[in-house]
Amino acid sequence: MIPFAVGNFLGPLLLGRLFDTVGRKPMISGTYILSGILLVITGVLFRNGALNATTQTVAWCIIFFFASAGASAAYLTVSEIFPMETRAMAIAFFYATGTIVGGFGGPLLFGALIQSGEPKQIFIGYVVGAVVMILGGIVQATMGVEAAQRDLEDIAPPLSAQAAELDEPGEEADPYTLGRGQGRGTGHAPS
């Protein structure tokens, strides 16, 4: 467990600054997709009996290094794309949902696969995890909001903002940023 914890800790620590310099959108999608690819490779090696306990642990630590950094930034970004008044509720909802799915569904599925004792069955678990990570990366790459080095009010204006405040010049809004790009220059609040 200690090597996994070290991998989880070092990922955000060493990669964290890149999420604000390179950008969260490319870094989150990149770390998710890379983690999924590494998981598939590890699954194939496991299925073929090419890993021992040490090499399996090293492979998981490398995967956790990237996945943990991406997940940490993703949780932060999720909270930033909602208006200030709903930000805490949004992050609590997404965290609780992720915990229910991952903390309840994951052990049921993977426990059954591991209990089979068949490497081919366990490989299915690797593939399921990899597909979820890769799909998450693709969604982030195509629909994600770039929040790095942007004012939170530019990403998601407060619900209490006045129409004049919304028309102030700012950075280009992402197409998926709620409430932006509509009504600009008209003096009317976005609908």
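User: Hi! Before we look at anything, when do two helices count as roughly antiparallel?

Analyst: Hello! Angles over 145 degrees count as roughly antiparallel. Keep that cut-off handy while we go through this structure, which is a predicted model.

User: Great. At what angle do helix 2 and helix 3 cross?

Analyst: Helix 2, residues 24–47, and helix 3, residues 53–80, cross at roughly 150 degrees. Their axes come within 9 Å.

User: What does that make them to each other, roughly parallel or roughly antiparallel?

Analyst: Roughly antiparallel: the cut-off is over 145 degrees, so helix 2 and helix 3 meet it. Their crossing is left-handed.

User: What kinds of residues sit in the contact of helix 2 with helix 3?

Analyst: That contact has 16 nonpolar residues, along with six polar and two charged ones.

User: Okay, new topic. Which residues make up the largest nonpolar core?

Analyst: There are 11 residues in that core: L15, F19, M27, I28, Y32, F65, A67, A69, A73, A74 and M133.

User: And which helices supply at least two residues each?

Analyst: Helix 1 (2–21), helix 2 and helix 3 each do that for this core. Helix 3 gives the largest share, with five residues.

User: Can we pick one of those? What is A67 in contact with, leaving aside its neighbours within four places in sequence?

Analyst: A67 is in contact with S35 and M133. M133 belongs to the largest nonpolar core too. Apart from that core lies another one, of five residues, including L39, I63, I122 and Y126.

User: Let's move along the chain. How do helix 4 and helix 5 pack?

Analyst: Helix 4 covers residues 87–115 and helix 5 covers residues 119–143. They pack at an angle of about 155 degrees, and their axes are 7 Å apart. That makes helix 4 roughly antiparallel to helix 5, and this crossing is left-handed.

User: Which residues meet there?

Analyst: From helix 4 you have L109, F110, L113 and I114, and they meet Q121, I122, I124, G125 and V128 in helix 5. By class, that contact holds seven nonpolar and two polar residues, with no charged ones.

User: Last one, Q56. Is it buried or exposed?

Analyst: Q56, which lies in helix 3, has a relative accessible area of 9%. Buried means under 20%, so Q56 is buried.

User: What does Q56 touch, not counting residues up to four places away in sequence?

Analyst: Q56 touches T42, F46, L51 and Y126. You've already met Y126, one of the residues in the five-residue core.

Notes:
Residues numbered from 1 in each chain as written. Predicted model: local features only at pLDDT ≥ 70, side-chain atom pairs only at ≥ 80, totals over all residues. Heavy atoms only, no water. Axes fitted to C-alpha atoms, helices over the stretch in contact; angles between N-to-C directions. Helix = DSSP H or I, 4+ residues; strand = E, 2+ residues; numbered from the N terminus. Parallel < 35°, antiparallel > 145°, perpendicular 65-115°, else oblique. Left-handed = near helix turned anticlockwise from the far one by under 90°. Nonpolar A, V, L, I, M, F, W, Y, C, P; charged D, E, K, R; others polar. Core = buried A, V, L, I, M, F, W, Y, C linked by side-chain atoms within 4.5 Å. Buried < 20%, exposed > 50% of the residue type's maximum accessible area, 1.4 Å probe, protein only. Contact = heavy atoms within 4.5 Å.
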